[in-house]
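Dear colleague,

I am passing on a structure that I have been going through, and I would be glad if you read the notes below with the coordinates open beside them.

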Amino acid sequence: MMTENAVMSADQLVEFAEGLARIASSGGGPKALATHLATALDAAVLVEDAEWRHVALAGAGSRSVPPSGRELISNSAPGSDGVVRLRGPGETLEAFAVRIRGGETSLGWLSVFPSGVPLDAKIAAIRLAAATIAVELSRDAGGGKTRRRSFWDRLLSRAYDDPIEAKDDATSRGIALAPSYVAVALEAEGLDENSAAAKLTDLRRIAVETLRSGSGEIVVLERGGGFIFLCPAALEVDAQNIRTAATLIPRAATKAHFSAKVVGGVGRSAEAIAAHRTVEEARESMFISRRLFGGSRIMPYEELGVYPLLLRGGVTAEELRAFGLRVLEPLRAYDDKHQTELVRTLRLYFQVGQNVKTAAAELSVHRHTVFYRLRQISEISGFDLDSPHDQLTLRTAMAIDALNSHER
């Protein structure tokens, strides 16, 4: 915090301005910018639009902040620098206000309420913040930003039945809709209430920088205390790159000295018209990761095995069959191509209580052959036979396969 009663140095001002730029470039918006200013000055910051409607409030905490700066601003005259020194009862200096301008157009007001420390020496920071917020409000002028957000809300609520209709509506709102998307759900746990807004802004920036691949614009949607990132994935390799990048977000957060635990999930690639599916999978993955695996972790849906089925409940027989086939298909395809017995070996290995010696005797092969086949099974299926979680998935798939074997 820069609360000392002295003019901010050039380095401090540059650092503050760079923070504003990072927030703006990552799409943080007026609320995140107000939080940045509030943190830097240890003050409450109120942002209102030209109609005195509330836009953002940050750093209030236990401070007494009026619901609007309208009356105080109306009763005070601006100084020669354009800054309004607000005075309340008893003529006690209470706050500053700066008009937020877009060219010659008034877009609103930025009011700052200090914590007993005079802020006259920090006017430059306040004016910089007001200018950056003006850019954000100008972008939103005419409802452009609201119209774009509305499209994504409609898309995820399944309001479009026709992909062409969705694409046309997106184009009319200035959105270049990608063919497919992968969703990443992200939340931070254990945040202090007073710093939560600023920390979430940092997390948003870290995530966007980690996920950015240059293949298209990442859509960021705030959901509760976290975010949904919709990442364009035209090809399967794009989807794979997104999954890999998403798992690296906790490491990037640690490197950036982000102290809170980061949890999340990654959905499978879905066509734009079905983007709700990848979002639902990402949120399911985040929930499962938090409940079963713990720590800072982001789990791809593909790696969760049977857990999504257990979480969802009410799973149909067809969904169970599809799950069993999906898990065992790589092994069965390998057996068909190379005339091996990986599926049979896996089934017998579980049936004899994972006893390699007994399994080898039943298969009439050397135990080293069984060890080799088990390594192949792990490599081909992607499941670790030493992991209780992966074992549960494989055992469930084998059971489903056995129950439905008469249909093949």
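Is Arg 101 buried, partly exposed or exposed? The model is a predicted one, and in it Arg 101 has a relative accessible area of 44%, so this residue counts as partly exposed. Arg 101 belongs to strand 4, which covers residues 93-102, and its C-alpha lies 9.7 Å from that of Ala 50, although the two residues are 51 apart in sequence.

Two backbone positions may deserve your attention, since most residues other than glycine have a negative phi. Asp 42, which is not a glycine, has a positive phi of about 50°; Asp 42 sits in the loop that joins helix 2 (29-41) and strand 1 (43-49), and with 27% relative accessibility it is partly exposed. Arg 158, likewise not a glycine, has a positive phi of about 65° and is placed in the loop between helix 5 and helix 6.

The loop between helix 5 (144-156) and helix 6 (163-172) also holds Asp 161, which counts as exposed because its relative accessibility is 74%. On the surface, Asp 161 joins Asp 162, Glu 165 and Asp 168 in a patch of negative charge.

Asn 404, finally, is in the segment that follows helix 16 (388-403). Its relative accessible area is 17%, which is under the 20% limit, and Asn 404 is therefore buried. The side chain of Asn 404 reaches the backbone oxygen of Ile 400 at a distance of 2.7 Å.

With best wishes

Methods. Residues are numbered from 1 along each chain as its sequence is written. This is a predicted model: local features need pLDDT of at least 70, side-chain atom pairs count only at pLDDT 80 or more; totals for chains, interfaces and linings use all residues. Side-chain values use heavy atoms; hydrogens and water are left out. Patches are made of residues with over 30% relative accessible area and no salt bridge: like charges are joined within 9 Å, nonpolar side chains (Val, Leu, Ile, Met, Phe, Trp, Tyr) within 5 Å. Accessible areas come from the Shrake-Rupley method with a 1.4 Å probe; for residues, only the protein chains shown count as cover. A salt bridge is a side-chain nitrogen of Lys or Arg within 4 Å of a carboxyl oxygen of Asp or Glu. Lys and Arg count as positive and Asp and Glu as negative; His and the chain ends are not counted. The place of a charge is taken as NZ of Lys, CZ of Arg, CG of Asp or CD of Glu. Helices (H or I, at least four residues) and strands (E, at least two) are DSSP runs, numbered from the N terminus. Buried means under 20% relative accessible area, exposed over 50%, partly exposed in between (1.4 Å probe, protein chains only). A polar contact is a pair of N or O atoms within 3.5 Å; within protein, one must be able to donate a hydrogen and the other to accept it, and residues adjacent in sequence count only if both atoms are side-chain atoms.
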